[in-house]
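Trainee: I'd like a close look at one small part of this protein, with the surroundings filled in afterwards. Could you walk me through it?

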Amino acid sequence: MHIVITRPKEDSLQLIENLINLGHTVTHLPIIKIEKLESKKINLLNYQVVIFTSPNAIKFMNIEKFNSKIKCFCVGKITETAAKNIGFVNTYTSEGTVDSLIELIIRTIDNKSEKLLYLSSEFISKDLDQDLINAGYLVDRISNYTSLPIEEIDKKTLNFLEKNPPDAIFIYSSRSAKNLFNLIKKYSLLNVVTQSNLMCISEKVLSVLKQIKWKKEFVFSPGEEEFLLNKIR
């Protein structure tokens, strides 16, 4: 099958390699780019817990004092590996969604007087910090990176897509979905993508692209991509 992956390269390398090893043709079509935001120096000694939902938050950490033994909660193995690579040794991970991470944190942290730090994108699809605050926890959120739309598709990739309509397109955020819609209009790709199965990370993301008539629509959790492809064979 021809699969389109729209996440930035650093978030997609393992998945792309796995799909190619399974015999699929993969087009990497990043539709957002990640940029650092200036943020204040962080003293991790002031916190008992740090939370990451993306390796990008780890990449752009602005640390004054580092605490390797702090409880470190991550969404997915890729994020956890990034945390371990910079020295965190007390890591917890939930495969799947931010909701599953929230559940893991609530199950694990009994002492609600502990102070939690959530490092995130400027734009988030789920208010993890607010959900934890509502559950009685003390949470500081610091945004240390942002996502910007990529507004061009290079000619080689565009020609390949037009000649080889994708069997599946994977979308990982509402901002990505909105920009994909804009690129489809800009490059007149409607006849191409209507032959594709749309794979979205949540119903919220799917709703952005509902106005396009896709072959089929699916909602998935991170890590399910390879399994989900079996449904459209």
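In which strand does Asn144 lie?

Mentor: Asn144 lies in strand β10. Before we go on, some housekeeping: this is a predicted model, where local features need pLDDT of at least 70, side-chain atom pairs count only at pLDDT 80 or more, and totals for chains, interfaces and linings use all residues. Residues are numbered from 1 along each chain as its sequence is written, and side-chain values use heavy atoms, with hydrogens and water left out.

Back to your residue. Asn144 is buried, with a relative accessible area of 1%. (Buried is under 20% relative accessible area, exposed is over 50%, and partly exposed is in between, using a 1.4 Å probe and protein chains only.) Set aside the neighbours within four places in sequence, and Asn144 is in contact with Lys36, Leu37, Ser39, Ala57, Phe60, Met61, Leu119 and Ser120; contact here means heavy atoms within 4.5 Å. Take Ser39 from that list: its C-alpha atom is 5.8 Å from that of Asn144, although 105 residues separate the two along the chain.

Phe60 is another name to hold on to, as one of the contacts of Asn144. There are six aromatic pairs by the ring rule, which pairs rings of Phe, Tyr and Trp (its six-membered ring) if their centres lie within 6.5 Å, and calls planes under 30 degrees apart stacked, over 60 edge-to-face and the rest tilted. One of them joins Phe60 and Tyr145, a tilted pair with 6.4 Å from centre to centre and 35 degrees between the planes. This pair ties together distant parts of the chain, 85 residues apart: Tyr145 sits in strand β10 (residues 138-149), while Phe60 is in the loop between α2 (55-59) and β6 (63-65). Phe60 and Tyr145 are both buried.

Another ring pair is Phe66 with Phe88, and it counts as tilted because the centres are 4.9 Å apart and the planes are at 55 degrees. Here, too, distant parts of the chain are linked, 22 residues apart, with Phe66 in the loop between β6 and β7 (71-75) and Phe88 in the loop between α3 (76-85) and β8 (91-94). Phe88 is buried at 2% relative accessible area, whereas Phe66 is partly exposed at 34%. Add Phe52, and ring pairs link Phe52, Phe66 and Phe88 into a cluster.

Now for another asparagine. Asn179 is in helix α7 (residues 174-186) and is buried, with a relative accessible area of 6%. Beyond the neighbours within four places in sequence, Asn179 is in contact with Ile31, Pro149 and Ile150. Ser188, in the loop between α7 and α8 (190-193), is exposed at 62%. Ser188 also has a positive phi of about 50 degrees, although it is not a glycine.

Finally, the whole chain. The protein chain has ten helices and 13 strands; these are DSSP runs, helices being H or I with at least four residues and strands E with at least two, numbered from the N terminus. Of the 233 residues, 48% count as buried. Among contacts with a separation of 6 or more, 59% are between residues 24 or more positions apart. The C-alpha trace spans about 55 × 35 × 35 Å along its principal axes.
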